[in-house]
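Trainee: Before I rely on any label attached to this model, could we go through the terms one at a time and set each value against its cut-off?

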Amino acid sequence: MASDKRNRNATSRRTYLKLAGAIAASSAIVGSASANKSEYDDQYGTVIDVTEVGADDSGDESITPVLEEYADDDTLLYFPSGRYYMDKQFRFTGFKNFGMVGDDAEIVPANYHTFDDEGDGNHRLFRMGVDYDPGTDLRIEGFTIDQTADETGIRVIEAEITDGLIVRDIEIIGRHDSGTFGPARFVITDSDGEGIVERFEAPDGADWTGETPGDSLWRGPTGILCNDYNKGTMTFRDCILGSFPDNGLYAANGSGSIQIEGGRFQNSMGANVRLGGNRSYIKDATIIVDQQDPHGIGQRGLRMEQGNVLVARNVDFQTNVRESPSIWVTNGAEYCYIVDSTVTVRTDEPTAAISIRSSGGQTRIKHTQVKHESGGGPAIKIKEGDQPVYLQDVTVTGEAPTNGSRSAIHNDRDGCEFRSVNVNHGGGKGRRALTNFGNDVLVYEGDYVSEDHPIEDGGEGTWFEGVSARSRRGDVGLLLKDEAKDIYVKKSHLENGIDDRSSDGYDGWGNEF
């Protein structure tokens, strides 16, 4: 019977992970953050109230020895309301169906100097599974981690699990100020395995490593790490991370799939979210950069890298810090999609809203609004690269002077397409809407308005069709540079005509000037 029960438990965990988007399903299977011990009787062979077996709930004595004694397969450790002190990590590996659930339970870490790191220099509360001996079916939920005392910042959970990871309702109070690894690391080791981290909150961020007693990290901690060793599907839902020196949510470089749903990511260095893996996405989330780091480091909103089919959908990007692009598509990012999103940049210095780097692959931006109010630079910068970039139904508005770039959209890549793109961008003399130096580029429909000539082209084989262009200063609608060649202009409305400086002249018909 015990074996049958374990099988049923494993099935219920996988079912939850597959249906976690449905509120009814998640409540029925995992209960709530304020749970009763009896709610888990049908999911574990043994349910233990830790206070009934010797765990101190007053915060005076370490509970690690109790956890080590009673942890077992098919076992849940239940923490009733109270404060639980820990001065040594709880390590449990190779388990099957193990959980810890708190009901208004607080974990209080020891000070960095008194925490027993077992000689390896790593401070953790819960180390659940390791790469050579991972666990299966792990649940941790319903804990507040009190790090408000000086130098008590610590990695709360490090988990390497084959399948069936559930972490929910973890709230970290206080700044991570000890210089140890960041709050969490999650890895699914099986390519068919799944895990979910839901409502993991560390809004207070962490200190720069040089300002901490640990002082052993580069820059400082990352909020949540899920990178190279992740092979399965990891979902991060409604998580909140703020102000970490070395990335907020680092979910790239692994071969698995990352699914980020909802949440807020704010003011982390490097990038607030690094998204990679295969068929990964971030949706319905908010990414904010509104506080300049004292060390002057750029803070990218979303960094897409090392992955295949990466999607940002319905994400609200807000940036008020210089040299901090909201979206950065870079090394190894193939088939990227930015859809139904809003990107707002307001800075005094030149700052791009979206930057497609030379190492970034094919990218599609669709149904997205870009509001660019900066001290210069392009709203969308597309650098030379091997794969084209496609814009469809994209709106760019705002003002920026000609500092760093003259155009709202600047393209240096071949084969790109701009369909139904509408640009209304100002900022003084010299400001343009679109500059293209790529070859075999299509500009189809759309409305381009700027101060000087709104469209400038220096490519070969550019096709303009159904385009409207207007200069507020009365300049020509389209400037063809000396480098331009084999240009075709069809059924377009270009106020004040075309300034053709190309070597072979342009071809076309049905245009209005």
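What follows is a conversation about how salt bridges, burial and strand pairing are assigned here.

Mentor: This is a predicted model, in which local features need pLDDT of at least 70 and side-chain atom pairs count only at pLDDT 80 or more, while totals for chains, interfaces and linings use all residues. Residues are numbered from 1 along each chain as its sequence is written, and side-chain values use heavy atoms, with hydrogens and water left out.

Trainee: What makes Arg419 and Glu417 a salt bridge?

Mentor: The term requires a side-chain nitrogen of Lys or Arg within 4 Å of a carboxyl oxygen of Asp or Glu. The closest N and O atoms of Arg419 and Glu417 are 3.0 Å apart, so the pair meets that cut-off.

Trainee: Why is Arg199 called partly exposed, and is Glu198 buried or exposed?

Mentor: Buried means under 20% relative accessible area and exposed means over 50%, with partly exposed in between, using a 1.4 Å probe and protein chains only. Arg199 has a relative accessibility of 26%, and therefore counts as partly exposed, whereas Glu198, at 7%, is buried. Their side chains nevertheless meet in a salt bridge, at 3.3 Å from N to O, and both residues belong to a network of salt bridges that also links Arg139, Glu141, Arg168, Asp169, Arg237 and Glu261.

Trainee: Which burial labels go with the salt bridge of Arg155 and Glu158?

Mentor: Arg155 and Glu158 are both buried, and their side chains meet at 2.8 Å, N to O. A search of the whole structure finds 28 salt bridges.

Trainee: How do you know that Asp49 has no salt bridge?

Mentor: The nearest side chain of opposite charge, that of Lys37, is 4.8 Å away from the buried Asp49, so the pair does not satisfy the salt-bridge criterion. The side chain of Asp49, which lies in strand 1 (residues 46–49), does make a polar contact with the side chain of Thr51 at 2.6 Å, the limit for such a pair of N or O atoms being 3.5 Å, with one able to donate a hydrogen and the other to accept it.

Trainee: What makes strand 21 and strand 24 a pair?

Mentor: Two strands pair if DSSP finds at least two bridges between them. Strand 21 (residues 299–313) and strand 24 (residues 333–339) have six bridges in the parallel sense, one of them between Gly307 and Ala333, so the criterion is met. Strand 24 also pairs in the parallel sense with strand 27 (residues 363–373), over four bridges, and there Ile338 stands opposite Ile365.

Note on methods: Helices (H or I, at least four residues) and strands (E, at least two) are DSSP runs, numbered from the N terminus. Lys and Arg count as positive and Asp and Glu as negative; His and the chain ends are not counted.
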